[in-house]
Amino acid sequence: MSTKSLPFPLTGDQSFYEALGDWIGDVFYDILPEKGLELRDEQIFMAFQLEQAFKKKSIMFAEAGVGTGKTLAYLLYSICFARYTGKPAIIACSDETLIEQLVKKTGDIHKIEELLDLPVDVRLAKSREQYLCLQKLDRTTSKSNDEAFDDVYEQIPEFVYGKGSMTSFYPYGDRKEFPYLDDDQWKQINYDPLQDCLSCDVRHRCGQTLNREHYRAAGDLIICSHDFYMEHIWTKEARKREGQLPLLPEASAVIFDEGHLLEFAAQKALTYRTSLSNLAVILDKLTSNDIREKTLYLVDRIIEQHDEWFASISKHADHESTAERRGIERHPEVIRNSKIVKASIDQLLEELVFESELYVINEYDLKIVEEYLEQVLFSLKLFIEDDGAIIWLEESGQDETLVIMPRLVEDILREEVFSKKIPYIFSSATLSVKEDFSYLANSLGIDHNDAFSVESPFNYEETMDVTIHLMDEFEKGEKQIELLQRHPAGSLILFNSKEDQDLYRFGSSHELEGQTSMYFEGDEEISTLVEKFQHDTYSILASHHLWEGLDVPGESLSQVIIDSLPFPPQDPVFEAKRKYVLDPVQEVDLPYMLLRLQQGIGRLIRTSSDRGSIHIFLSEEDQKWLNEITKILPVRPRILQP
């Protein structure tokens, strides 16, 4: 973009950074206060720290308490830097479903547009699972009588079915457009990783394709999730080799909002997943071609061996665990079956080289099969060699999936991400441990960084009261109902897992029926639920994911109930973290819990005029952490026993 589009003039006697600094000063000292926004020293301090990061093109850890206005500060720099360089800035948020928060009508981007008369070209880049798959919709509706899917068909644009010209095409098919579908319904019609997108006869009219083309043309900002940004990093070279564009364009700067959560997104992006059902589906592509009988027999044998391999994995998985991820014992039977499958897949790949020379297999089918088999082989290699990878089993309906995740990702991040000379900004209220940022830097492969911390400007003593309830499960349910019935405005209940949320939903929430509106995470698209909750001042929102990122000021959220302490689950990912430290409780479990607890408490006071209450419930077992909890609370709590 031209520098003429900058919101300030550039003259010959000033550099871009000098002019930017002058404009930022005018915005915070003059323009915004004249428009009714309060002058915050913490925000101005942060703004000029960020200026140095953009000027030096360095990595900056920007730790700023709730109410600092950190989002507004980094957005102003990002927009100007994008226009100066001609490349969009990427804002990566911690959660896919929360990227909508930045562009909502009460969000900071709209504030910038209205208060500064500065139109912002901002576009959302969502993961593939957030888009409708037309082929999958057809298959699902042919087998289902669910009328909700008929409603989806009604919303599909006419051009998808050949009515209308190419010039009338526009992005569609975003999860947000179908808020009436619950999460289980959406999974039946969203993007399918086994779908042959490149060979799909409607790929040029596909909502995912049109959305990709739309956000790549962004002039100022592209907003995505941590997960999607990391998927872009790990797939960009492979996509280039295949003649495809990377998922995201080249960026002028990258902002990681809630940056302390980036490590898990990096691990997740490098994860290898092998499904019990997928191999048969993939190999079926081969058998539909005119391949040799020898290869056909080998395919049948692999499918049989693969089933036996998964049976042994399931047999030695931790089925007593309530966690979604079930640990797997490296039993000799599992290792033996792993080696058998690996040898057969090696043999099949050799046979496919010969088959390809005969030109009897569709080239695209062959490519899909070879890529999938290579992935299974890599999974088998990691499983057999036990090189420190984190391995677990997931069960969904009749299907099972083996998941293999690397334990450490810092070397790859160091080379693939942080070696680039562009500004990287990590923004969060919690990035350090006692103002020491080394834990985060080391886990992400960051060798050199700048950092600063600023406290929240809010006077919590006047705006918040905290009560800690010491009671058992039965008493807890009754007390929570009482708090919700007595509270005259909106309440948020935070659970540590979906299982806990479901237990409350089916065990206690019926006592509130007819008294207030209740919204449960998973019933609708999450940003739609949040919007309904925000507009319904006397409602209740129950969630197990919104410990971070939720921004609902005013009476709509004036009570936060924390159902239990948010300790990490007893699953293979955290078991691996515990395995490599001297004191797992002090070095893994407790820091994670305290960090998440602070984030949950931070949902309450979002502006200087907010008032409200926090209620934390502790079981008898958790009462030993009372002193640790009290230390991180913004105010001294009341402690109540039944």
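Here is a short chat about the cores, the sheet and two helices of this predicted model.

Visitor: Which residues touch the most other members of the largest nonpolar core?

Guide: That core holds 48 residues. Helices H1, H2, H3 and H5 are among the elements that each supply at least two of them, and so are strands S1, S2, S4 and S11. The residues touching the most other members are Trp 23, Phe 28, Leu 50 and Ile 112.

Visitor: What is Leu 50 in contact with, leaving aside its neighbours within four places in sequence?

Guide: Leu 50 is one of the residues with the most core partners, and its number falls inside helix H2 (41-56). Its contacts beyond those neighbours are Met 60, Ala 62, Ala 73, Tyr 74, Tyr 77 and Ile 425.

Visitor: How many residues are in the second, separate core?

Guide: Look for Phe 533, Leu 550, Ile 601 and Ile 614, which are included in it. The count for this second core is 40 residues.

Visitor: Which strands stand at the edges of the open sheet?

Guide: The sheet has 7 strands, paired in parallel and running in the order S3-S4-S2-S5-S10-S1-S11. From one strand to the next, the twist averages 20°. An edge strand has a single partner, so one of its sides is left without a neighbour in the sheet; that applies to S3 (122-124) and S11.

Visitor: What is the bridge partner of Ile 91 in S5?

Guide: Ile 91 sits within the numbering of strand S2 (89-93). S2 and S5 (residues 254-257) pair in the parallel sense over 3 bridges. On the S5 side, the partner of Ile 91 is Ile 255.

Visitor: Where does helix H10 bend?

Guide: H10 covers residues 226-241 and reaches 24 Å from its first C-alpha to its last, close to the 22 Å expected. Its buried residues include Ile 233, Trp 234 and Lys 236. Just after the helix, Gly 243 takes a positive phi of about 80°. The bend itself is about 50°, and it comes at Thr 235.

Visitor: Is Ser 338 buried or exposed?

Guide: Ser 338 lies in helix H14 (residues 332-358). Not counting residues up to four places away in sequence, Ser 338 touches Trp 309, Leu 380, Phe 383 and Ile 384. Under 20% relative accessible area is what it takes to be called buried. Ser 338 has 0%, so the word is buried.

Methods:
Residues numbered from 1 in each chain as written. Predicted model: local features only at pLDDT ≥ 70, side-chain atom pairs only at ≥ 80, totals over all residues. Heavy atoms only, no water. Core = buried A, V, L, I, M, F, W, Y, C linked by side-chain atoms within 4.5 Å. Buried < 20%, exposed > 50% of the residue type's maximum accessible area, 1.4 Å probe, protein only. Helix = DSSP H or I, 4+ residues; strand = E, 2+ residues; numbered from the N terminus. Contact = heavy atoms within 4.5 Å. Pairing = 2+ DSSP bridges. Axes fitted to C-alpha atoms, helices over the stretch in contact; angles between N-to-C directions. Expected span 1.5 Å × (residues − 1). Bend = angle between axes of the 7 residues up to and from the residue.
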